[in-house]
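Colleague: I'm new to this structure and would be glad of a guided close look at one part of it. Could you walk me through a sheet and what lies around it?

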Amino acid sequence: MPRKKIYVAYTGGTIGMKKSEQGYVPVAGHLSDCVQKMPEFFREEMPEFVIHEYCPLMDSSNMTPADWVTIARDIENNYTEYDGFVILHGTDTMAYTASALSFMLQNLAKPVIVTGSQIPLAALRSDGQTNLLNALYVAANYPIPEVGLFFNNTLFRGNRSTKSDANGFNAFSSPNFPSLLEAGIQIRLNAGQLTETQEPPRKLNVVEMTPQPIGVVMLYPGISPDIIDNQLKQPVKALILQSYGVGNAPQNDALLSVLKRGIDNGITILNCTQCFKGRVDMDGYATGNALAKLGLVSGSDMTIEAALTKLHYLLSQDISHSEIQKLLQKNLRGELTPP
């Protein structure tokens, strides 16, 4: 059988950086040079691949919705020529990009794997070699037709992943959904479903996102209602309220009044738990039920990355406010667990 062909989009990030007097910095061409010197990438078991380096290379902390669209269009433009895609990306906002791509890439029938590293590929003890090597191998031999995030021998669903460790190699977690695949001594499928032959193949469709004014507020004991009131001022279209536990908030009349005024002004307020694991259930306690009666929408068990990018995705489309409210609670790309 012919070897699979994988397209690698190198957007930037630690994996391709080079040491300088000022610390690690992105250098054009450095990643490709490093890969060429590593014979394991060119063994017969490996797929063919090309590396397309973005210009300029981006620090993931500078990523915007416009950059998510650039990556999505890059995949679309090369979609028919390749069997899978690997996106090399900085770790800081990797889970945001993976989540955004999952919503933008409609009818995706090929694997898209976002990966990177905590230590540059050229450095001693780099995790970049293992992450990139495995991402390429998995994309070719275990094609799971969705956006995944591969790190530390684990493939996560992109819109279920979150960065959970700033310093360790086990930098990402999926608190509310099992991994798609584990790459141990044997490669083991978990929740991932391999590509099935489709006749005729579906045409990839990219739904672009545009920057949307979205606020995010985490509740804390004694928070002033004025802080939330300021977040709900125009031109804000939506607010993510990171509440306590299963979706609870203080029974403070001034706070509830502020939230009601925001909802009455047509602002969507999405109630997400600030807990690392678990889901919102506003029927469980009176403090959560009060929010439901105001019209807050349950964020279920979505990560903050999935919630934010899903709001960007929905607000970028020409759909009604009520339809947005419904779709936020609907499982569109595996980002939430239905009740």
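Modeller: Happy to; here is a walk through one sheet, followed by a pocket and one residue. Please keep in mind that this is a predicted model.

Let's start with the sheet, which is open and has four strands in the order β15-β16-β17-β18, with parallel pairing. Two of these strands, β15 (214-218) and β18 (297-298), stand at the edges; each has a single partner strand, so one side of each is left without a neighbour in the sheet. In general, strands of a sheet pair through backbone hydrogen bonds, either parallel or antiparallel.

Now follow β17, which covers residues 268-273 and is joined to β18 by two bridges, the two strands running parallel. If you look along this pair, you will find N271 opposite S298 in β18. Lying across both β17 and β18 is helix α9, residues 321-328, and this helix runs at about 10° to β17.

Next comes the second largest pocket, with a volume of about 270 Å³. Its lining is made up of 15 residues, and L105, L108, P145, E146 and R333 lie nearest the centre. Sorted by class, the lining has five nonpolar, six polar and four charged residues.

Finally, find N205, which sits in strand β14 (residues 205-206). With a relative accessible area of 35%, N205 is partly exposed. Leaving aside residues up to four places away in sequence, N205 touches M104, L105 and Q106. L105 is thus a name you have already met, among the residues nearest the centre of the second largest pocket.

Methods: Residues are numbered from 1 along each chain as its sequence is written. This is a predicted model: local features need pLDDT of at least 70, side-chain atom pairs count only at pLDDT 80 or more; totals for chains, interfaces and linings use all residues. Side-chain values use heavy atoms; hydrogens and water are left out. Two strands pair if DSSP finds at least two bridges between them. Contact means heavy atoms within 4.5 Å. Axes are lines fitted to C-alpha atoms, for helices over the stretch in contact, and angles run from 0 to 180 degrees between N-to-C directions. On a 1 Å grid over the protein atoms alone, a cavity is a set of points where a 1.4 Å probe fits but cannot get out, and a pocket is an open set with protein on both sides within 12 Å along at least five of seven lines; lining residues have an atom within 4 Å of a point. Grid points are joined across faces, edges and corners, and a volume is the space filled by probe spheres set on the points. Ala, Val, Leu, Ile, Met, Phe, Trp, Tyr, Cys and Pro count as nonpolar, Asp, Glu, Lys and Arg as charged, and the others, Gly among them, as polar. Buried means under 20% relative accessible area, exposed over 50%, partly exposed in between (1.4 Å probe, protein chains only).
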